[in-house]
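Reader: I'd like to go through some of the labels used for this model and hear the reasoning behind each one. Can we take them in turn?

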Amino acid sequence: MAESLLQDDDQYNCSVCLELMKDPVTIPCGHSYCMTCINEYWKQNQLRKTQCPQCRHEFPTRPALNKNTLLAEILEKLRTPKFQGSFPALGEVECDFCTGRKLRAVRSCLQCQASYCDMHLQPHYNVPALKKHKLVNATEIPTCPRHDKLLEAFCRTDNMCICMSCVMDEHKGHNTVSSAEEREEKQIILQANKHKFEEKRQEKLKKLDELMKATEAHAQATQQSVDDIDQAFNSLIASLEKSYLELIMKIRDQEKIYMDQAAYLQEQLELQIATLMGQEDFIDNLLAKEDNVQFLQNFESMPTPSADEESSCHTLEPLDFFNDASDMISEFKEKLDDFCTQELDNMFAKHTCHIKIGDRVRVKSSVKTPKFNWGCTVTHKSVGVVKSVNDETLIVDFEDHKNWKGLLSEMERVTVADESGISAQQRSIKIGDRVRVKPSVKNPKQGWGRVTHQSVGVVKGLSEDEITVDFPEHSDWMGSVSEIEITS
């Protein structure tokens, strides 16, 4: 009886709200509604005559509404968990054995080629012969359009799912395997691809972490530099205020450039990480499918790892200016006469006013692209001889590019020490010397390892600009000679 009620429960739906009736009432014409629904219906149509929403029978006065006790009892039974079933939503599979209004199927049988709700699925758990059947999550079971049989095989020649009759028919002689075997091989490929996506995501996370740490350190260094300069300028007379403001403005400009670049890199890394996670989710969803056919049919649309198009860099080099600013301000106190005309400008444009014909020069490292472009062979490392100087421009003969034109403000003089990249003290470092990392070095070129600014080690090897040091905390530490200083 209860099963019959469940199968024919459309008759107990309110024709106003289309749901199972609540507090059912029956009006004189014999039709029943939710008490709230019929009252609201008549209230909205109060300018018209009172009538039934279904048969349109009109009543001279609004009839009294009394609860239909028998109908209420039936509806109460329908709402109990014992008889309550869920109906399929859009895209879900219906039970093939329900009559009347069909319930949502919970499992499908590949042998029976049918889908079942909880109630009709019970024989597959109780009948010995049915227990051997293969049950999968409720799904539309695809069959061969020609033979109306299950797609239990896969043709590698034509890259498609086929039935066993197809194997002996139009696919005879082709390279065919069971769908389970084909899935097993392609599942290995997907697992490998997922592993690659995970590795790439971890790499991006690592770079993102490094970028965020570098950004934080740079912000702290910038703020410390501003604080030091502010303290130094407070001791100067009012006539230096203009120069002080110009310096702060330049520092802030440098910080903005750095932060803009850092924000862009962070956004790129986060976008790439999100993309990789999305691709992993696609693979996880396919791997979770129990149906081999659906797995194989969706395999080709799954993402595969591609060559990683790395951005030009994922780290930002700190600006050397901040390390020297405080010391330079102290020197300004002894050079008040030259401060406004020379020293402040030299902090951002060293040697510009002193470059003359015959000097050896190069493009400043802070210049990303010269105003008149690089040419074919000129780089930041190129060193040339000044051929002529004219107002704000100069002509330079580089080894592989003669008559190169640039701005004076973009160039810097190069000394012998500059060309080697090593100072006189650094050139005097030899094997056996006790050394440490310079305090001005925030991040050594090849990383800290277990070394700190307080670590003192012994030079073990020297090769051009590279140095090997045995620190107590880290043997065979590798670094750049320019990052090291001799200590007693």
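Reader: What makes Lys186 and Glu300 a salt bridge?

Author: This is a predicted model, and in it the side chains of Lys186 and Glu300 come to 3.6 Å, N to O. The cut-off is 4 Å between a Lys or Arg side-chain nitrogen and a carboxyl oxygen of Asp or Glu, so the label applies. Lys186 sits in helix α8 and Glu300 in the loop between α10 and α11 (321-332), so the pair ties together parts that are 114 residues apart in sequence.

Reader: Why is Glu300 called exposed?

Author: Its relative accessibility is 51%, and exposed means over 50%, so Glu300 gets that word.

Reader: And Lys186, buried or exposed?

Author: Buried: Lys186 has 9% relative accessibility, and the limit for buried is under 20%.

Reader: Which other residue does Lys186 meet in a salt bridge?

Author: Glu182, at 3.4 Å from N to O. Both residues lie in helix α8, 4 residues apart, which is about one turn of the helix. Glu182 is at 5% relative accessibility, so it counts as buried.

Reader: What makes you speak of a network here?

Author: Shared partners do. Salt bridges that have partners in common join Arg156, Glu182, Glu185, Lys186 and Glu300 into one network. A search of the whole structure turns up 16 salt bridges.

Reader: How do you know that Arg146 and Asp169 form a salt bridge?

Author: The closest N and O atoms of Arg146 and Asp169 are 3.4 Å apart, and the limit is 4 Å, so the pair passes. This one also links distant parts of the chain: Arg146 is in the loop between β7 (135-137) and β8, Asp169 in the loop between α7 and β10 (176-178), with their positions 23 residues apart.

Reader: Why do Arg146 and Asp169 get separate accessibility labels?

Author: Arg146 is at 56% relative accessibility, so it counts as exposed. Asp169 is at 33%, so it counts as partly exposed.

Reader: What makes the contact between Ser15 and Gln54 a polar contact?

Author: Their side chains are joined at 3.5 Å, and the rule asks for N or O atoms within 3.5 Å, so the pair is counted. From C-alpha to C-alpha, Ser15 and Gln54 are 7.5 Å apart in space, while 39 residues separate them in sequence. Setting aside residues up to four places away in sequence, Ser15 touches Tyr33 and Gln54.

Reader: Where is Ser15, and why is it called partly exposed?

Author: Ser15 is in the loop between α1 (2-7) and β1 (24-26). Its relative accessible area is 34%; partly exposed covers what is neither under 20% nor over 50%, so the term applies.

Reader: What makes a set of residues the largest nonpolar core here?

Author: The set has 22 residues, and those with the most contacts inside it are Cys161, Ile162, Leu190 and Phe295. Members must be buried nonpolar residues joined through side-chain atoms within 4.5 Å, so neighbours on the surface don't get in. Leaving out neighbours within four places in sequence, Leu190 is in contact with Ile283, Leu286, Leu287, Phe295, Phe299 and Met302.

Reader: What is in the second core?

Author: That separate core has 17 residues, including Cys14, Tyr33, Ile38 and Trp42.

Reader: How many of the chain's residues count as buried?

Author: Of the 488 residues, 36%.

Technical notes
Residues are numbered from 1 along each chain as its sequence is written. This is a predicted model: local features need pLDDT of at least 70, side-chain atom pairs count only at pLDDT 80 or more; totals for chains, interfaces and linings use all residues. Side-chain values use heavy atoms; hydrogens and water are left out. Helices (H or I, at least four residues) and strands (E, at least two) are DSSP runs, numbered from the N terminus. Buried means under 20% relative accessible area, exposed over 50%, partly exposed in between (1.4 Å probe, protein chains only). Contact means heavy atoms within 4.5 Å. A polar contact is a pair of N or O atoms within 3.5 Å; within protein, one must be able to donate a hydrogen and the other to accept it, and residues adjacent in sequence count only if both atoms are side-chain atoms.
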